[in-house]
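Below are some notes on the model, set out as numbered points. They begin with one well-connected side chain and work outward from there.

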Amino acid sequence: MIMTSNARAPVNLAIASLMALGLGACGSFGGFGGLGGSQPAEVAEPAPPPEVPATIRADEIVGRWGLASFQNPADRARTEKAALSQCKNPYVIGAGASGGVVMHLADQATPQELRLKGSPSGKNYIGPAGPIGDQDREILSFDGRTLVTRFIDKDAATRYGNMVYVRCSPRA
């Protein structure tokens with residue numbers, strides 16, 4: 001079959017149009033391998049681990065506390081006495097609206113509601129809702145009268161040390 005130059009242009013246009021339609025169909029049907037054959041399967045993110053409840057309840061630490069800190073464990077007894085002397089200007093741990101406690105995070109001027117969290121190892125933490133992270137503080141000890149915490153973030157832990165909260169006696 002012999003084509004004239006006037007007949008070639010419509011044929012070339014038709015071939016180009018068919019090729020464009022074919023390439024367009026490849027993208028909408030997942031490529032040449034069939035439906036979804038060239039697209040990676042969606043990987044479901046693993047579910048977060050179940051939240052472990054703390055062994056200390058929020059209402060156990062709500063109240064007025066004298067506050068001081070120490071770096072050297074040998075200074076703990078002296079620091080507890082210093083914290084008790086701060087009861088004239090107590091640090092107040094409030095009850096949160098959703099069952100947490102209202103306290104300050106490291107380097108934050110405004111207190112916010114924090115959660116008491118447990119861990120599989122049996123340790124307790126105070127921090128924002130969610131998994132245990134750098135903004136949390138570990139509860140090193142708590143006997144109902146004295147609470148000792150330390151920030152997980154190494155920089156904050158170095159600056160603030162071990163925070164000692166000594167419960168202030170009820171006002172007369």
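1. A convenient place to enter this predicted model is leucine 116, which, leaving aside residues up to four places away in sequence, touches Ala54, Ile56, Arg57, Ala58, Ile61, Val101, Tyr125, Ile126 and Ile139. Leucine 116 is also among the residues with the most contacts inside the largest nonpolar core, a set of 16 residues in which Ile61, Ile93, Val101, Met103, Ile126 and Tyr165 are likewise listed for the most contacts. The elements that give two or more residues to this core are helix 2 (58-61), strand 2 (91-95), strand 3 (101-103), strand 4 (112-118) and strand 8 (162-167). A second core, separate from that one, has 6 residues, including Phe70, Ala83, Val164 and Val166.

2. For the chain as a whole, the secondary structure comprises 4 helices and 8 strands, and their order along the sequence is α-α-β-α-β-β-β-β-β-β-α-β. The protein chain has 172 residues, of which 30% count as buried. Among its contacts with a separation of 6 or more, 43% are between residues 24 or more positions apart. The exposed area of the protein chain is about 11400 Å², and carbon and sulfur atoms supply 59% of that area.

3. The strand pairing around leucine 116 can be followed residue by residue. Strand 4 runs antiparallel to strand 5, to which it is joined by 4 bridges, and within strand 5 the bridge partner of leucine 116 is isoleucine 126. These two strands form a hairpin with 5 residues between them, and in the turn glycine 122 has a positive phi of about 95°. Strand 5 is in turn joined by 3 bridges to strand 6 (residues 137-142), again in an antiparallel arrangement, with isoleucine 139 in strand 6 as the bridge partner of asparagine 124.

4. Which residues of strand 5 (residues 124-127) are buried on each side? In a regular strand the side chains alternate between the two faces of the sheet. Here both faces are covered, since Asn124 and Ile126 on one side are buried, as are Tyr125 and Gly127 on the other.

5. Strand 8 deserves separate attention, as it is mostly covered, with 5 of its 6 residues buried. Strand 8 pairs with strand 1 in the antiparallel sense over 6 bridges, and methionine 163 of strand 8 is the bridge partner of serine 69. Strand 8 also pairs with strand 7, once more in the antiparallel sense, over 4 bridges, and there valine 164 of strand 8 is the bridge partner of valine 148. That valine, Val164, is one of the residues of the second core.

6. How is helix 3 (76-84) divided between buried and exposed residues? Its buried residues are Thr79, Glu80 and Ala83, and, viewed down the helix axis, they fall within an arc of 105°, so they line one face of the helix. The cover over these buried residues includes strand 1 (63-70), strand 7 (146-151) and strand 8. On the other side of helix 3, Ala77, Arg78 and Lys81 are exposed.

7. Arginine 78, which lies in helix 3, counts as exposed because its relative accessibility is 53%, where exposed means over 50%. Arginine 78 and alanine 68 are 10 residues apart in sequence, and their C-alpha atoms are 9.9 Å apart in space.

8. The structure holds 1 disulfide, which joins cysteine 87 to cysteine 168 with an S to S distance of 2.1 Å. The torsion about this S-S bond is about -95°, so the disulfide is left-handed. Cysteine 87 lies in the loop between helix 3 and strand 2, whereas cysteine 168 lies in the segment after strand 8, so the pair ties together parts that are 81 residues apart in sequence. Both cysteine 87 and cysteine 168 are buried.

How values were computed: Residues numbered from 1 in each chain as written. Predicted model: local features only at pLDDT ≥ 70, side-chain atom pairs only at ≥ 80, totals over all residues. Heavy atoms only, no water. Buried < 20%, exposed > 50% of the residue type's maximum accessible area, 1.4 Å probe, protein only. Contact = heavy atoms within 4.5 Å. Areas by Shrake-Rupley, 256 points an atom, 1.4 Å probe, with all protein chains shown as cover. Core = buried A, V, L, I, M, F, W, Y, C linked by side-chain atoms within 4.5 Å. Disulfide = S-S within 2.5 Å. Arc of directions from axis to C-beta. Pairing = 2+ DSSP bridges.
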